[in-house]
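Colleague: I am new to this structure and would like a close look at a single part. Could you take me through the salt bridges, and then show me what lies around them?

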Amino acid sequence: MYRAPFPAQLSVSDRRVIDNNATDVRVYQVWKGSNKFFLGGRVIFGPDVRSIFLTISLIVIPVLLFCAFVSRRIIYAFDNHLGKLIIFILILLTVYDLILLLLTSGRDPGIIPRNSHPPELEEDGSTMSTDWLGSQSSAGVPNLPPTKDVVVNGVIVKVKYCQTCMLYRPPRCSHCSICNNCVERFDHHCPWVGQCIGKRNYRFFFMFVSSTTVLCLYVFVFSWVTIKKIMAEYDCNLWSAFLKSPVSGILILYTFMTAWFVGGLTVFHLYLICTNQTTYENFRYRYDSKRNPYNRGCVRNVCEIFLSKIPKSKSNFRAMVRVDSSSLFGSTMSLARPMSPNIRKKSFDIETGKRQAVVAEDFEDIHSQIDSVGGLERCGTQPRHIIQCENSNWEISPNISVMSAEFAMEQGFKDREKVCKKGH
């Protein structure tokens with residue numbers, strides 16, 4: 001499935017050599033996206049996974065400060081059992097929030113596997129775009145159209161062709177430039193969780209944002225309760241109460257600002273859920289002025305997000321695949337800086353073309369200079385050095401070939417120049 005067939009021109013011995021050089025690896029080890037894998041491919045994160053540590057610290061540190069400096073006053077102000085229950089609920093909310101964060105960040109958001117070759121023009125029942133059909137000439141061979149028309153609930157929707165993944169994106173799918181993957185029902189790439197938000201983790205993302213809002217309001221309310229208890233106990237004003245419990249004042253300010261951010265995000269995504277939109281669609285298409293083909297009513301839209309079964313991942317990252325050892329070495333060398341295959345190929349072709357052009361121009365100039373002084377006749381007795389290799393199955397990269405050609409040509413001219421000087 002993952003292995004390309006052998007070309008027809010390969011002999012039996014060549015196929016046997018390729019089979020001997022093949023190595024069995026797991027899919028995540030040769031994954032072309034920018035994702036980070038842990039636990040043997042069981043957990044998948046985005047390339048900015050380090051941002052999750054910042055998010056965890058922004059959640060855990062305020063809770064630790066509350067438990068260390070404010071909880072004692074809460075237990076003392078309320079009944080003993082009630083005060084402990086308040087602290088216990090706070091810890092449960094924090095653990096629940098962190099679990100939702102990991103479920104959002106550490107799972108496949110709905111990545112569509114890449115194709116090993118471009119699709120055929122009539123692989124599915126969709127039709128080609130009329131704009132593209134009108135622009136094609138009858139004499140030329142048509143290329144893959146950039147868009148195709150798909151009918152969704154009686155509305156024609158254009159789906160685009162992804163040059164990187166070599167597939168026509170399904171409706172509501174988009175290519176994430178950060179993760180370098182096509183994600184089904186793409187919503188956005190969230191830097192706070194370090195992962196794309198798509199069809200398989202949007203539910204957990206909304207639950208994480210809403211639970212963070214509840215956690216902020218919980219700490220905010222009981223920090224204010226602590227200040228009110230201090231004002232009543234010491235019969236002082238608000239400023240004096242802040243001086244007696246400065247951590248409570250800091251938590252009030254911090255949770256107030258944070259609650260506005262995550263609370264506004266919760267309300268916005270609640271609106272998107274009720275209207276069956278994604279963040280990407282809301283900012284790009286603006287369904288307010290035209291019909292939304294995915295809107296089935298508020299109740300059905302909510303049920304689709306929270307009550308529908310989460311589909312299985314389309315990529316088995318732990319599956320074994322057979323790859324060539326040389327390609328595996330090249331892929332590991334390129335992990336330090338991910339690059340699109342198209343960009344890598346274009347840059348390589350341009351660089352190789354430049355080197356070959358320079359070599360050809362230098363060779364013609366030197367050749368004309370030697371011909372003008374008759375150097376080739378005097379040095380014609382110098383034998384040409386040819387190196388032959390018994391093993392013809394070695395593969396040399398084009399960069400090394402060009403560099404060796406430049407070095408050999410330069411060294412050959414130096415040797416001929418020395419012979420010519422001796423002839424004089």
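What follows is a walk through the charged pairs, and then through the parts around them.

Modeller: Happy to! Please keep in mind that this is a predicted model. The structure holds 6 salt bridges, and a good place to begin is the one between aspartate 24 and arginine 322, whose closest N and O atoms are 3.0 Å apart. Aspartate 24 sits in strand β1 (residues 22–26) and arginine 322 in strand β13 (residues 320–324), so this pair ties together parts that are 298 residues apart in sequence. Aspartate 24 counts as partly exposed, with 44% relative accessibility. Arginine 322 is also partly exposed, at 38%.

Now let us turn to glutamate 184. Which side chain meets glutamate 184 in a salt bridge at 3.7 Å, N to O? That is lysine 199. Lysine 199 belongs to the loop between β12 (195–197) and α5 (202–234), while glutamate 184 belongs to the loop between β10 (181–183) and β11 (188–190), so the pair ties together parts that are 15 residues apart in sequence. Is glutamate 184 buried or exposed? Its relative accessible area is 16%, so glutamate 184 is buried, the cut-off being under 20%. Lysine 199, with a relative accessible area of 38%, is partly exposed.

Glutamate 184 also meets the side chain of lysine 314 in a salt bridge, at 3.4 Å from N to O. Lysine 314 lies in the loop between α9 (298–306) and β13, so its pairing with glutamate 184, in the loop between β10 and β11, ties together parts that are 130 residues apart in sequence. Through shared partners, the salt bridges join Glu184, Lys199 and Lys314 into one network.

From the charged pairs we can move on to the nonpolar side chains. The largest nonpolar core has 33 residues, and those with the most contacts inside it are Phe66, Leu90, Tyr202 and Phe208. At least two residues of this core come from each of β3 (43–45), α2 (51–77), α3 (80–105), α5 and α7 (246–275). Of these, α5 gives the most, with 10 residues. If you would like one residue to follow on screen, try tyrosine 202: leaving aside residues up to four places away in sequence, it touches Arg185, Asp187, Ile197, His269, Leu272, Ile273 and Ile305. Apart from the largest core lies another one, of 10 residues, among them Trp31, Phe37, Phe317 and Ala319.

The UniProt record, an unreviewed entry, places the feature "transmembrane region" at residues 52–75, 81–104, 204–227 and 247–274. In the model, residues 81–104 are 100% helix and 0% strand, with the end C-alpha atoms 35 Å apart. Residues 204–227 are likewise 100% helix and 0% strand, and there the end C-alpha atoms are 34 Å apart.

One last stop is a hairpin. Strand β6 (residues 147–152) pairs with strand β7 (residues 155–162) in the antiparallel sense, over 6 bridges. Valine 151 stands opposite isoleucine 156 in β7. There are 2 residues between the strands of this hairpin, where asparagine 153 takes a positive phi near 55°.

Notes
Residues are numbered from 1 along each chain as its sequence is written. This is a predicted model: local features need pLDDT of at least 70, side-chain atom pairs count only at pLDDT 80 or more; totals for chains, interfaces and linings use all residues. Side-chain values use heavy atoms; hydrogens and water are left out. UniProt positions are given in the numbering used here, feature names are shortened, and annotations may be inferred rather than shown by experiment. Helices (H or I, at least four residues) and strands (E, at least two) are DSSP runs, numbered from the N terminus. A salt bridge is a side-chain nitrogen of Lys or Arg within 4 Å of a carboxyl oxygen of Asp or Glu. Buried means under 20% relative accessible area, exposed over 50%, partly exposed in between (1.4 Å probe, protein chains only). Two strands pair if DSSP finds at least two bridges between them. A nonpolar core is a set of buried Ala, Val, Leu, Ile, Met, Phe, Trp, Tyr and Cys residues joined through side-chain atoms within 4.5 Å. Contact means heavy atoms within 4.5 Å.
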